[in-house]
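Biologist: Could you take me through this structure? I would like to begin with the ligand and then turn to the sheet.
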Amino acid sequence: MTAKTLPVDTFDLVIFGGTGDLALRKLLPGLLRRYADGQIPEDSRILGVARDRQGDAEYRAKVGEALARVAAADETLQARLPAFLDKLGYLALDATKDEGWDEFATRLLATGERIRVFYLSTSPTLFVNICDRLRAHGLNTGNARVVIEKPIGHDSASAAVINDAVGGAFAESQIFRIDHYLGKETVQNLLALRFANILFEPLWNASRIDHVQITVAETVGLEKRAGYYDTSGALRDMVQNHLLQLLCMVAMEPPAALQADAVRDEKLKVLRSLKPIRGEDVAHLSVRGQYRAGASSGAAVPGYLEELGKPDSRTETFVALKAEVDNWRWAGVPFYLRTGKRLAERVSEIVIAFKQIPHSIFDDSAGPVMGNKLVLRLQPDEGVKLWLMIKDPGPGGLRLQHVPLDMSFAEAFGVHQPEAYERLLMDVVRGNQTLFMRRDEVEAAWAWIDPILSAWDNLRDAPKPYTAGSWGPSAAVALVERDGRTWHEDTV
Ligand code: NAP
C-alpha cells in the first residue's frame, strides 16, 4: 500500500550547490521518489548549479550514479530513474561573480511564468550574493520561492543580516526556512494526536504532565563538517533550530486552524515564553560536553580534539539544558533537552512524562505504579508509543506491568512514508509554509540562545569530557536526577 499523493503544479527547481552532499544525499533522492510516485509533472525541470565546470550530460551521469545506489533495492525507482535524469540540467556559476548569470536567467525565463524554486543548498555565506543576483536578474517573480538551510546565522545579529538579505529580494511568503525535523511523520502525528483527539488535550498541561524530554542523539563524530562544526557547536547546530522547534510543537496552544501563520503564531508565543537562562543560572541549568576517545558501533574512535586536529578547541559536542516555558499551561514543568555527537545510540525522541496517580489502591505485591509516558520517536524508526500500566496477564495475584501501546499505524498498514525532505520539497512547490520557520521564530530562538552562549564565553571552565559511545557527561545525568527524575530508556 502506498500513501496517497496529489500531483503538484509544474515547476522549475534550481539547486544552488547541486553537486554538494545535501543535494546528492537528500534532495535529489527525495525528488526521484516523488517523481516515481507520480507527484512531479513531466514538464518540470531541475537545474543543478555549482562552480564545477561540466555540462548537462556529465551532471546527469554523476547524479545517476548516486541515485542508482538509492534505487538499488526498488524496482519502481530503477524504472523511473532514466526519465527523472532527463529532467536534470546543470549550469556552472559562481555565486560570488557576475559572469554566467545572464545565461542562467535566460535559461530559466525561457519557460515563461511558472513556479520557480531556488534551493540554497550552499554555505550561508553565499545567501546574500545569490539573493541579490536573483533580484538583479528579475528572477524574484511572484511565483518564485526561496529555500534556505540552517544555519541561519550564528547569533541574533548574523541571523538578521541573512534575513535582511533574503527579505530584500523575496517577500516573507516566498521564503521557506527549512528545518527537516518538522517534515518527519512523527512530528505531524504529534499534531494529529494533540488536535484530532479529545483524549490528550485535557491532560496537556502542568496539572497532568510532570516533565518533557527531547533527545537528539547522534553516534557520528565530525564526518566532513569539521570546519563548520568547530565554529558552531551543539547549541547552535541543533538546539537553536531542531530541538526548539520540537519543543514548540509540544508546548504550543491549539492554533485556530492548520494554516501556516496560525501555527507559526503559536510557536512564536512559546519561544517568547521561554524563561531566559543567563548569568549564573547557566551553570546549573546547562551542561556542555566534548567527547574523548572511545568506541562507536564496536570500533575505537578518536576524541573530538584529535579528530579536529586542534588541541585547544572549547567547542561543545554535547549539550543538555533544563528549559521552562513560562506561561499558564506549563508553569513549573521542566523541558529537558539534550543532544550530542558520538553518543551511545542514534535516536531522536520526545518523551511526555505524565504525573503519578494521586493514590494507589494496589498492594505492594502488585509492584510499583509507574507514570504514563507518550514517546514520539523521530529516528531511527519513526513511531509513537503510549506507556500504560496493565495487569500482568494470567492467573495468580494481581501484578502490574508497564507496557507500551504501539501507535505506529503507518508500519501496521505497510504504508511507505516519504522522508522529511520529500514532503517539505512538495510543500515548497505548493507554497505551504506551515512546516517552515518564519523570520520572527528564528529571531526569538536566537534571543533565547544568545545569553547562554555569552555566559558560556564568560565561564572559564572547558566543556565537560565524556567518552565516545556513552550518553554524555555525568553532569547531564545529574541535571535530571537532581530533580528526582531520570532520562527515558526505551526497554521494549
Ligand atoms: P557541500 O557538500 O559543501 O556542498 C556545497 C555546494 O555548494 C557544492 O555543490 C559546491 O560546489 C557549491 N558551491 C560552493 N561555493 C560556491 C559558489 N561560490 N558558487 C556556487 N556554488 C558554490 O555542503 P552540503 O553539506 O551539501 O550543505 C549545503 C548547505 O546545507 C549548508 O548550508 C549546510 O549547512 C546545510 N545542511 C546540510 C546538511 C547535510 O546533511 N549535508 C544538513 C543540514 C543542513 P562547488 O565547490 O563546485 O562550487
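Modeller: A definition is needed beforehand: a polar contact is a pair of N or O atoms within 3.5 Å. Please note also that this is a predicted model.

Biologist: Which backbone atoms are in polar contact with an oxygen atom of the ligand?
Modeller: A polar backbone atom of Arg51 lies 2.8 Å from an oxygen atom of the ligand. For a polar backbone atom of Lys150, the distance to a ligand oxygen is 3.2 Å.

Biologist: And what does the side chain of Thr19 do?
Modeller: One of the polar side-chain atoms of Thr19 is 2.6 Å from an oxygen atom of the ligand. The ligand on its own has 890 Å² of accessible area, and the protein covers 75% of that.

Biologist: Which residues come nearest to the ligand?
Modeller: They are Thr19, Asp21, Leu22, Arg25 and Thr122, out of 20 residues around the ligand. By type, the shell comprises 7 nonpolar, 6 polar and 7 charged residues.

Biologist: Which helix gives the most to that shell?
Modeller: Helix α1, residues 21-36, does, with 3 residues.

Biologist: Now the sheet. What is the strand order?
Modeller: The sheet is open and has 6 strands in the order β3-β2-β1-β4-β5-β6, with parallel pairing. Its twist averages 20 degrees from one strand to the next.

Biologist: Why is one side of β3 and of β6 left without a neighbour?
Modeller: β3 (88-92) and β6 (175-177) stand at the edges, so each has a single partner strand.

Biologist: How many bridges join β5 and β6?
Modeller: β5, residues 144-148, pairs with β6 over 3 bridges, in the parallel sense. Ile148 stands opposite Arg177 in β6.

Note on methods. Residues are numbered from 1 along each chain as its sequence is written. This is a predicted model: local features need pLDDT of at least 70, side-chain atom pairs count only at pLDDT 80 or more; totals for chains, interfaces and linings use all residues. Side-chain values use heavy atoms; hydrogens and water are left out. Two strands pair if DSSP finds at least two bridges between them. Helices (H or I, at least four residues) and strands (E, at least two) are DSSP runs, numbered from the N terminus. Axes are lines fitted to C-alpha atoms, for helices over the stretch in contact, and angles run from 0 to 180 degrees between N-to-C directions. A residue is near a molecule or strand if one of its heavy atoms lies within 4 Å of it. A polar contact is a pair of N or O atoms within 3.5 Å; within protein, one must be able to donate a hydrogen and the other to accept it, and residues adjacent in sequence count only if both atoms are side-chain atoms. Accessible areas come from the Shrake-Rupley method with a 1.4 Å probe; for residues, only the protein chains shown count as cover. Ala, Val, Leu, Ile, Met, Phe, Trp, Tyr, Cys and Pro count as nonpolar, Asp, Glu, Lys and Arg as charged, and the others, Gly among them, as polar.
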